[in-house]
Amino acid sequence: MNVIEAIKKRRAYRSLDPIEVNDELIRDFAEIVKISPSCANKQPWNIIFITEKEQLNRLFTVLSTGNKWVKKASMIIAVFSKPENDCIIGERYYYLFDTGMATAMLILRATELGLVAHPIAGFKEGKAKEILEIPDEMRLITLVIIGKHSKEINPVLSDAMKLGEKQRPPRKKLEDFIYVNNFNTKFNE
Ligand SMILES: Cc1cc2nc3c(=O)[nH]c(=O)nc-3n(C[C@H](O)[C@H](O)[C@H](O)COP(=O)(O)O)c2cc1C
């Protein structure tokens, strides 16, 4: 699969079937994160691959109510960092940006492997950090939910989420966020 195919194929699906997670898959994802770009090569990311059933069950208790679909996860990837791990240039803090880029690379690789890799923000950070034994000063930025896309729509989904399984949620028009030369000149679609 080439890059454009992976970008277009990637979807945040919420109807998941189980997959077999092995060390090879974890190493594959780890190597992708390892070679991601970062400001001054600071490599600010920290990642925990959660595969143990008991630990997954503990994490399922800290999900937001809309995230019941996550309980079908075969693996959860916890992504965390702190501001001091990366460049701070005046008021520009790069740890979220660089960690986000690395996560995007991992998500695209998962897509290429035929998997769903769905990042979520809907969880209780403090409780999740306790379960994962992540120090206080770290920000748990996202949990990436790993599974395989199921043709059967998960009945726990809301109507909007069910629709989202069939078609990509609508996007803004290019003219609403793309400009040329300066912020006053909108891109004409
Ligand atoms: C940072 C981030 C947080 C998200 N949090 C959640 C979440 O808590 N629950 C959820 O169901 N989807 C979550 N999503 C998925 C988005 O809703 C989804 O990417 C968006 O609707 C666009 O759909 P698409 O990715 O399939 O194109 C999150 C995505 C991102 C990037």
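**Reading a predicted model, step by step**

Analyst: Let us begin with one residue, Asn 85, which is found in the loop between β3 (75-81) and β4 (88-89). Please keep in mind throughout that this is a predicted model.

User: Which residues does Asn 85 touch, not counting residues up to four places away in sequence?

Analyst: To place a loop residue, list its partners from elsewhere in the sequence. Asn 85 touches Lys 42, Pro 44, Asn 46 and Met 138 once residues up to four places away in sequence are set aside. With Pro 44 there is also a polar pair, since a polar atom of the Asn 85 side chain lies 3.0 Å from the backbone oxygen of Pro 44.

User: How many residues surround the ligand, and which are the closest?

Analyst: The ligand is surrounded by 15 residues, and the closest are Arg 10, Arg 11, Arg 14, Asn 67 and Arg 171. Sorted by class, this shell has seven nonpolar, three polar and five charged residues. Strand β6 (residues 116-120) supplies the largest share of the shell, with three residues.

User: Which polar atoms of the protein lie beside the ligand's oxygen and nitrogen atoms?

Analyst: Here one looks at pairs of N or O atoms, for which the cut-off is within 3.5 Å. A polar side-chain atom of Arg 11 lies 2.6 Å from an oxygen atom of the ligand, while a polar side-chain atom of His 118 is 2.9 Å from a ligand nitrogen atom. Gly 122 takes part through its backbone, with an N or O atom 3.0 Å from an oxygen atom of the ligand. As for coverage, the ligand taken alone exposes 620 Å², and the protein buries 66% of that.

User: Where should I look for the largest nonpolar core, and which of its residues touch the most other members?

Analyst: The general idea is that, in soluble globular proteins, nonpolar side chains tend to be buried together. In this model the largest nonpolar core has 27 residues, of which Ile 76, Leu 140 and Ile 145 touch the most other members. The elements giving two or more residues to this core are α3 (53-60), β3, β6, α5 (125-132) and β7 (139-149). For a closer view, take Ile 145, which, leaving aside neighbours within four places in sequence, is in contact with residues including Leu 16, Trp 69, Ile 76, Val 116 and His 118. Apart from the largest core lies another, of 16 residues, among them Leu 25, Ala 102, Val 144 and Ile 146.

User: Is Leu 96 buried, partly exposed or exposed?

Analyst: A residue counts as buried under 20% relative accessible area and as exposed over 50%, with partly exposed in between. Leu 96, found in helix α4 (residues 95-112), counts as partly exposed because its relative accessibility is 44%. Its C-alpha atom is separated by 16 Å from that of Ile 107, eleven residues apart along the chain.

User: How do Lys 68 and Lys 172 come out, exposed or partly exposed?

Analyst: Lys 68 lies in the loop between α3 and β3, and with a relative accessibility of 45% it counts as partly exposed. The side chain of Lys 68 reaches the backbone oxygen of Thr 65 at 3.4 Å. Lys 172, in the segment after α6 (159-166), has a relative accessible area of 63% and is therefore exposed. The C-alpha atoms of Lys 172 and Leu 16 are separated by 27 Å, and these two residues are 156 residues apart along the chain.

Terms used. Residues numbered from 1 in each chain as written. Predicted model: local features only at pLDDT ≥ 70, side-chain atom pairs only at ≥ 80, totals over all residues. Heavy atoms only, no water. Near = heavy atom within 4 Å. Polar contact = N/O pair within 3.5 Å; in protein donor to acceptor, adjacent residues only side chain to side chain. Areas by Shrake-Rupley, 256 points an atom, 1.4 Å probe, with all protein chains shown as cover. Helix = DSSP H or I, 4+ residues; strand = E, 2+ residues; numbered from the N terminus. Nonpolar A, V, L, I, M, F, W, Y, C, P; charged D, E, K, R; others polar. Contact = heavy atoms within 4.5 Å. Core = buried A, V, L, I, M, F, W, Y, C linked by side-chain atoms within 4.5 Å. Buried < 20%, exposed > 50% of the residue type's maximum accessible area, 1.4 Å probe, protein only.
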